[in-house]
Amino acid sequence: MTTARTATPSTARAINDRLALNLLLDQGPLTATELRDLTGLSRPTVADLLDRLGRSGLVAVVGERGEQRRGPNARLYALVASRAHLAAFDVRSGGVSLVVADLAGRTLAAADLVVEDPGADADAHRAAADRIVRTLLDTARRAEVPHLHTVAVGAPGLVDPATGRLQSTGDLPAWHADLLAALRELPGTEVILENEVNLAGRAEYRTGAARGRDDFVLVWLGHSVGAAVVLDGRLRRGIGGGAGEICFLPVPGTTALPTATGCEGGFHGLVGSAAVCALARAHGLPADPADDAAAAEAAVRAALDALGEGRPGGPFLDELAERIALGTSAICVVLDPGCVVLGGEVGRAGGAELASRVERRLAGLSPVRTEVRAGEAGGGAILGGAVLTAGDAVRRDLFGEP
């Protein structure tokens, strides 16, 4: 017979402390009475944990609740957001965006840095990485942040869950690896590497279109295409970090098959930015010859504008939705997530109009019922997910979370 184990006093205190800290993080300043109501803990227990957290520097009195009578019960307690700081990176082929934030996830400072291709020069690769790290430290100093507890980095490619190493699935610049090495040399700073689309998926799950859903897939439509898979509330990476690499998915309509080193013949060849721009031009819509993610986004917006003005735009959107549904249907019949979120520049530009067209076409391709939503995390989804990831790591350390 199995008997339940009773929590020790120290374990109970740690659980209560985490509960109170997370409430203060999520809901902002609270009185002791409000904490008692929200936690169900007794008055002495709440008083004890507030005293303990105050002495540890995690909680402080920040004022009084005006509608309550003055005195101890009206004091407002808040998380000390300056207790630890974090940084987040969105690393792309041509540069980086970064933010420095506090424990509550509030952005204190930000920077963007263009990185020219250093070619094959190894010294130039390391110099580029060192310049990015100097920019990070300068940004932190500008925000009066003396030390970064955790840095979360979002990058394209496969991130091995076992080793944390980045494996390129395309032509990534060599300075990416040098940047990670340079960041890991920062004293006392934890560095977390994650695939960029997985971070965007985390942002949609926590603050965006997938809030309240424990099962969904984010389909990222930008320069290339990828997916973040969340099942039972957990991000699924696969054995080697390759879950969601749907740019390699073989689909009808391409001129070749993908290879282990190139996704041009896969789903990427139908809905990557170059394909979206070519499709727009075929429908007589303006599309920048640069064929990058920004150009694809502009082409979709032009189609929506034409639709609103009574000009032809629907046929382009219908064909684009058909293409997106082809790859998405393969995900749905294998995983049955119940919900697909369209993110990236193209998904964001298409909004509810494109999502509804994809959902209708998907209903004719797949026997499993799937809702399609437009992403809500916006253009900063990767950075937003990185901030959330770094914040989770800081809380595990400071709050003692499992």
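Let's start at one residue, D90. Set aside the neighbours within four places in sequence, and D90 is in contact with G95, V96, S97, G154, E196, I382 and L383. Keep in mind that this is a predicted model.

Where does D90 sit? In strand β4, which covers residues 85-92. Buried or exposed? D90 is buried. Its relative accessible area is 10%, and the cut-off for buried is under 20%.

Now take one partner from that list, L383. This residue belongs to helix α12, residues 381-398. L383 is buried as well, because its relative accessible area is 16% and buried means under 20%. So what does L383 touch, beyond its neighbours within four places in sequence? The contacts are A88, F89, D90, S97, L98 and V99. D90 is on that list, and S97 appears among the contacts of D90 too.

One distance for L383. How far is it from Y77? In sequence, 306 residues. In space, 29 Å, C-alpha to C-alpha.

Next, a small sheet. Three strands make up an open sheet, and the order is β1-β3-β2. The pairing is antiparallel. Which strands are at the edges? β1, residues 30-31, and β2, residues 59-64. Each of these pairs on one side only. Look at β1 and β3. Strand β3 spans residues 75-79. Two bridges join it to β1, and the two run antiparallel. For T31, the bridge partner in β3 is L76.

Now step back to the whole chain. The secondary structure counts twelve helices and 15 strands. The radius of gyration is 24 Å, and the globule rule gives 21 Å for 402 residues. Those values are close, so the chain is as compact as a globular protein of that length. The box that the C-alpha atoms fill, along the principal axes, is roughly 70 × 55 × 55 Å.

What share of the 402 residues is buried? The value is 50%. Then the contacts. Take those between residues at least 6 apart in sequence: 62% of them join residues at least 24 apart.

Last, surface and charge. The accessible surface of the chain is about 18,600 Å². Carbon and sulfur atoms account for 51% of it. How many charges are there? There are 40 positive and 49 negative ones. Their mean positions lie 8 Å apart.

To close, back to the opening pair. D90 in β4 and L383 in α12 are in contact, and each is buried.

Notes: Residues numbered from 1 in each chain as written. Predicted model: local features only at pLDDT ≥ 70, side-chain atom pairs only at ≥ 80, totals over all residues. Heavy atoms only, no water. Helix = DSSP H or I, 4+ residues; strand = E, 2+ residues; numbered from the N terminus. Rg over C-alpha atoms; globule rule 2.2 N^0.38 Å. Buried < 20%, exposed > 50% of the residue type's maximum accessible area, 1.4 Å probe, protein only. Contact = heavy atoms within 4.5 Å. Areas by Shrake-Rupley, 256 points an atom, 1.4 Å probe, with all protein chains shown as cover. Lys, Arg positive; Asp, Glu negative; His and termini not counted. Charge placed at Lys NZ, Arg CZ, Asp CG, Glu CD. Pairing = 2+ DSSP bridges.
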